[in-house]
There are 2 protein chains.
Amino acid sequence: MAYTPTAAVLLIGNELLSGRTRDLNLGHIGEELAKLGIPVRESRVVPDEPPMIIEAVNALRERYTYLFTTGGIGPTHDDITTNCIASAFNVPLYSHPYALQKLKEFYDNRGEKLNDARRKMAEVPKGAELIDNPITSAPGYKIDNVFVLAGIPKIMQAMFAATKPYLVRGQEIISKSITCNLAEGVMAKGLTDIQDEFPDIALGSYPSMLDSGFRVSLVVRGTDIARLSDAQDKIRALIISNKGKILEG
Amino acid sequence: MAYTPTAAVLLIGNELLSGRTRDLNLGHIGEELAKLGIPVRESRVVPDEPPMIIEAVNALRERYTYLFTTGGIGPTHDDITTNCIASAFNVPLYSHPYALQKLKEFYDNRGEKLNDARRKMAEVPKGAELIDNPITSAPGYKIDNVFVLAGIPKIMQAMFAATKPYLVRGQEIISKSITCNLAEGVMAKGLTDIQDEFPDIALGSYPSMLDSGFRVSLVVRGTDIARLSDAQDKIRALIISNKGKILEG
């Protein structure tokens with residue numbers, strides 16, 4: 001069997017738990033890592049509190065090939081991710097000269113001051129390698145198997161793209177979907193049979209409620225395109241044999 | 001100090017980790033529980049795999065006053081939450097007569113069959129109390145301090161509303177926001193001072209990138225409305241003293 005690296009995503013921030021902010025980062029990382037053959041196996045959301053961040057970082061970095069964190073690397077008092085990463089690795093922080101230079105250039109160009117709060121964004125744990133931030137210059141970084149990224153989706157996405165050269169890839173995980181107008185309960189037995197016939201494929205059944213009624217999307221995920229195609233043929237036949245209509249896929 | 005109950009949310013489903021589905025349930029539960037004075041302290045997302053679900057259920061139910069799970073209680077092969085909850089509590093499953101009756105009525109009314117797959121949705125762990133599902137009749141349930149809810153947001157929300165009578169409440173957590181056009185770095189020192197002056201309040205600084213430029217929302221959360229108001233006055237003064245513009249709040 002092929003080598004399968006794995007990943008976890010740690011979303012850091014009170015605002016995600018209070019409902020103020022809906023996370024958009026897990027989905028992006030999950031989709032992008034699937035293309036690289038690195039399934040995201042777990043995600044956690046923790047508040048801006050050092051013991052919880054440190055515990056989650058250590059639990060997840062030990063368990064998975066890679067850990068991606070988002071949020072908490074800005075200039076304000078509630079941006080404590082970097083301190084927590086340093087504690088988790090038991091290494092000191094230092095001001096990274098190149099990061100500081102980039103920040104200085106960025107704020108000089110805007111006619112703004114590189115004050116102490118902004119200087120803080122150049123601090124990284126000892127041993128970290130910078131991850132470029134082409135948007136606001138304050139970098140993310142990699143330390144061991146942990147990638148520390150921003151929380152703002154556009155910046156996070158740019159940083160994530162810059163992590164790719166570091167990642168050992170597996171086989172691309174391909175996902176194909178068929179949507180129909182049948183109820184899940186009608187197809188359930190047939191779907192179980194198909195899943196049993198294709199143990200190498202993950203078959204998911206995802207109902208949704210629209211104003212126009214229920215829809216079910218049947219998603220196959222795996223690495224072998226021919227096998228996925230065979231499974232999809234069986235799903236289409238199952239829908240038709242139950243007098244359902246294929247709406248997509 | 002007042003009693004503060006706590007909560008965790010466990011989101012179950014491969015589709016959340018692959019990026020196929022963006023979760024909407026954590027935010028809803030977080031917002032609603034804040035009104036009841038029950039802060040959500042942690043959330044986890046796990047795939048449809050028994051060992052991972054069972055481990056997360058046991059970790060979270062022991063650590064927090066309440067645990068809410070979403071997803072995996074439908075009729076298909078990938079709906080394994082109930083089996084995992086029974087394993088986590090080490091109790092058997094049984095077919096709940098009232099749940100079965102409600103399901104029978106629901107499908108009778110629609111002229112559809114209550115087949116084996118649908119009957120599965122009447123099974124609950126021994127000791128569970130049903131949580132009503134007014135939309136599709138397949139119930140959620142409560143077992144000890146764990147509430148097992150559907151994954152479809154509309155159904156989850158209806159079930160969540162039905163859990164409220166079970167919850168011991170704390171003091172309502174009130175959230176107030178001021179949005180301005182200043183960069184975080186300009187205000188960072190002033191915000192630290194305000195946070196230090198109001199240790200009973202959580203002050204969050206949330207930047208966002210719009211096409212029109214950066215915005216920062218300054219959010220205060222706490223239980224004492226007068227203190228929140230005082231903190232907001234200081235935030236407004238900080239913005240004005242830095243020649244910023246208050247856009248909202």
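**Reasoning about a predicted two-chain model**

This predicted model contains an open sheet of 12 strands with mixed pairing, in the order β6(A)-β7(A)-β8(A)-β3(A)-β1(A)-β2(A)-β2(B)-β1(B)-β3(B)-β8(B)-β7(B)-β6(B).

Q: What makes β6 of chain A and β6 of chain B the edge strands of this sheet?
A: Each of these strands, 129-131 in its chain, pairs on one side only. Neighbouring strands of the sheet are turned by 20° against each other on average, direction ignored.

Q: How do you know that β6(A) and β7 of chain A pair, and in which direction do they run?
A: Two strands count as paired if at least two bridges are found between them. Three bridges join β6(A) to β7 (residues 140-143) of chain A, so the criterion of at least two bridges is met. The two strands run antiparallel. One of the bridge partnerships links A:Ile131 with A:Gly140 in β7(A).

Q: Why are the two copies said to be related as by a two-fold rotation axis?
A: Chain A is superposed on chain B by a rotation of 180° with 0.0 Å of shift along its axis, at an RMSD of 0.0 Å. The copies are therefore related as by a two-fold rotation axis. The same surface serves both copies, since 100% of the contact residues of chain A recur in chain B.

Q: Which residue of chain A comes closest to the rotation axis?
A: That residue is A:Arg44, whose C-alpha lies at 2.1 Å from the axis.

Q: Why is B:Thr179 called buried?
A: The term applies to residues under 20% relative accessible area. B:Thr179 has a relative accessible area of 9%, and is therefore buried. Beyond its neighbours within four places in sequence, B:Thr179 is in contact with residues including B:Arg215, B:Val216, B:Lys245 and B:Leu247.

Q: How do you know that β9(B), the strand of B:Thr179, pairs with β11 and with β12?
A: Pairing requires at least two bridges. Seven bridges join β9(B) to β11 (residues 213-222) of chain B, and two bridges join β9(B) to β12 (residues 246-248) of chain B. Both pairings therefore satisfy the criterion of at least two bridges. Strands β9(B) and β11 run antiparallel, as do β9(B) and β12. B:Ile174 has B:Gly222 as its bridge partner in β11(B), while B:Thr179 has B:Glu248 in β12(B).

Q: Which residues touch the most other members of the largest nonpolar core?
A: Among its 94 residues, these are A:Leu33, A:Phe68, B:Leu33 and B:Phe68. Not counting residues up to four places away in sequence, A:Leu33 touches A:Ala7, A:Ile38, A:Val40, A:Phe68, A:Phe160 and A:Leu167.

Definitions and conventions: Residues numbered from 1 in each chain as written. Chains lettered and ligands numbered in written order. Predicted model: local features only at pLDDT ≥ 70, side-chain atom pairs only at ≥ 80, totals over all residues. Heavy atoms only, no water. Least-squares fit on C-alpha atoms with pLDDT ≥ 70 in both. Contact = heavy atoms within 4.5 Å. Helix = DSSP H or I, 4+ residues; strand = E, 2+ residues; numbered from the N terminus. Axes fitted to C-alpha atoms, helices over the stretch in contact; angles between N-to-C directions. Core = buried A, V, L, I, M, F, W, Y, C linked by side-chain atoms within 4.5 Å. Buried < 20%, exposed > 50% of the residue type's maximum accessible area, 1.4 Å probe, protein only.
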